[in-house]
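Work through the exercises below with the sequence and the 3D view open. Each task is followed by a solution in steps.

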Amino acid sequence: MARGDQAAHTVLATHATVADVIAQREELRSYVVVIENDEPIARHLLDAEPLTVGRDESRHIVIPDARVSRLHLQVFAANGAVVAEDLGSSNGTFYEGRRIAGPVVLPEGHFLQVGSRLLKHERRSRREVEREDELRRDLDKAGSYVRALLPAPIAHGPIRTDWFYRPSTQLGGDAFAYDLLDDDHVYACLIDVSGHGAGAAMHTVAVMNVLRRRALPDTDFRDPAAVLAGLNAMFQMDDHDGLYFTLWYGVYCVSQRRLSYGSAGHHPAYLYPPGGASVPLRTPGMMVGAMPGARFKAGSTDVPPGSALYLFSDGVFETTTPDGRQCGLDDFLPLLGRGPEGPGESEAIYRAVRQGARPGPLDDDFSLLVVRFA
């Protein structure tokens, strides 16, 4: 090796060593993250001085819940571990479904249940916390934009709608829409973009805006197969940072009580006629954006009065139970078609899913649309 090469090699090694030292010195610290309705709402740094938790405004972590005592518990760091201790609360503090008695160690990534809130132990460096806070602000903006596009529920008319939407902490690419196409046709759809984060959310926004504005050239929006083909031509993944999406799209003809539908890589929607068995509605077709010139098909079915149609993303059934079992579609379907009908039905289904899932936010966005036919 030449002398000059030796010098260059030495400089590079020195730079790498400095970077390694900086990384090693980036101290990981323990935090308590307060989670409400699956959303992290506050983060508190832990040290040897206990943080008190309770309903009283003087506590370090205030939880305004009637099931939480004025002084409920304390959490502190000791000998490299995080310790939680219930302080004689009326309704208790729960760890892994069991009420704790005396101090317990809370491992990293685990949760305490305190009233309606969860307290999670996280270990993060200061730099990670700053980056996460910045990312959270970006995701909140993207999530707010997606929510602003969601239509208002319909309480009266030939169709009534009820829905529940709860993005995961990572924010995915779920959204849904419904609207009049003309005096005799109403469309409804649900989209699920691959991936998570602001990029997936913004891709969803672009697709939904195309649908809302009927911006596919030479496309009859009453024809589901034509709509899927038009979206596939417009949103090829090679032109959109590798993003693709699944979609269920249906059009209801009011005068004929006929529902036409098509799906692109999406699981079925389910039609529940009154007093009858559920009818899965799905047509063959790959996800939108995966292949130029892909072909799509449409199906159709009669809709008896009083029927209900359920559209949902895979985040509603791909959940994990407290004992680690992965749930699937067959676990979710028994929750449908049971009522109560009307406003709040979709949220009641969400609550049932949450009750059967492990503590903490769901792994993916939860999007559920219920359409009821007069």
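**Exercise 1. Is N79 buried or exposed, and where is it found?**

Step 1. The model is a predicted one. In it, N79 has a relative accessibility of 86%.
Step 2. Exposed means over 50%, so N79 counts as exposed.
Step 3. N79 is found in the loop between strand 5 (73–78) and strand 6 (81–86).
Step 4. The phi of N79 is near 55°, which is a positive value in a residue other than glycine.

**Exercise 2. Find D218 and describe it in the terms used for N79.**

Step 1. D218 is found in the loop between helix 3 and helix 4.
Step 2. D218 is not a glycine, yet its phi is positive, about 55°.
Step 3. With a relative accessibility of 85%, D218 counts as exposed.

**Exercise 3. Which strands does strand 1 pair with, and how many bridges join them?**

Step 1. Locate strand 1 at residues 28–36; seven of its nine residues are buried, so the strand is mostly covered.
Step 2. Strand 1 is joined to strand 11 (residues 117–125) by eight bridges, and the two run antiparallel.
Step 3. Strand 1 is also joined to strand 2 (residues 39–45), by six bridges and again antiparallel.
Step 4. Take Y31 as an example. Its bridge partner in strand 11 is E122, and in strand 2 it stands opposite L45.
Step 5. Look at the turn: strand 1 and strand 2 form a hairpin with two residues between them. N37, in this turn, has a positive phi of about 50°.

**Exercise 4. Give the strand order of the open sheet of five strands, and explain why two strands stand at the edges.**

Step 1. The order is 13-14-15-16-19, and the pairing is antiparallel.
Step 2. Strand 13 (173–182) and strand 19 (299–302) each have a single partner strand, so one side of each has no neighbour in the sheet. These two strands stand at the edges.
Step 3. On average, neighbouring strands of this sheet are turned by 15° against each other, direction ignored.
Step 4. Check the pairing of strand 19: four bridges join it to strand 16 (residues 258–264). One bridge pair to look for is Y261 with G299 in strand 19.

**Exercise 5. Which helix packs on this sheet, and which of its residues are buried?**

Step 1. Helix 3 (residues 198–212) packs on the sheet and touches strand 13, strand 14 (185–193) and strand 15 (245–253).
Step 2. The direction of helix 3 makes about 165° with that of strand 14.
Step 3. Helix 3 has 15 residues and reaches 21 Å from its first C-alpha to its last, close to the 21 Å expected at 1.5 Å a residue.
Step 4. The buried residues of helix 3 are A200, A201, H203, T204, V205, V207, M208, N209, V210 and L211.
Step 5. To read such a list, recall that an α-helix has 3.6 residues a turn, so residues three or four places apart point the same way.
Step 6. After helix 3 comes R214, which has a positive phi near 55°.

**Exercise 6. Describe the surroundings of M234.**

Step 1. M234 is found in helix 4 (residues 224–234).
Step 2. Its relative accessible area is 30%, so M234 is partly exposed.
Step 3. Leaving aside neighbours within four places in sequence, M234 is in contact with V210, A215, L216, P217 and H240.
Step 4. Compare sequence and space: M234 and P292 are 58 residues apart in sequence, and their C-alpha atoms are 9.5 Å apart.

**Exercise 7. What lines the largest cavity, and what lines the second largest pocket?**

Step 1. The structure holds three cavities of 30 Å³ or more. The largest cavity has a volume of about 80 Å³.
Step 2. Of the 13 residues that line the largest cavity, V186, Y187, A188, Y252 and V371 are the closest to its centre.
Step 3. Strand 14, strand 15 and strand 21 (366–373) give two or more residues each to this lining. Strand 15 gives the most, with four residues.
Step 4. Turn to the second largest pocket, with a volume of about 220 Å³. It is lined by 19 residues, and the closest to its centre are D192, V193, S194, T246 and D314.
Step 5. The elements that give two or more residues to the lining of this pocket are strand 13 and strand 14.

Methods: Residues are numbered from 1 along each chain as its sequence is written. This is a predicted model: local features need pLDDT of at least 70, side-chain atom pairs count only at pLDDT 80 or more; totals for chains, interfaces and linings use all residues. Side-chain values use heavy atoms; hydrogens and water are left out. Two strands pair if DSSP finds at least two bridges between them. Axes are lines fitted to C-alpha atoms, for helices over the stretch in contact, and angles run from 0 to 180 degrees between N-to-C directions. Contact means heavy atoms within 4.5 Å. The expected span of a helix is 1.5 Å times one less than its number of residues. Buried means under 20% relative accessible area, exposed over 50%, partly exposed in between (1.4 Å probe, protein chains only). On a 1 Å grid over the protein atoms alone, a cavity is a set of points where a 1.4 Å probe fits but cannot get out, and a pocket is an open set with protein on both sides within 12 Å along at least five of seven lines; lining residues have an atom within 4 Å of a point. Grid points are joined across faces, edges and corners, and a volume is the space filled by probe spheres set on the points.
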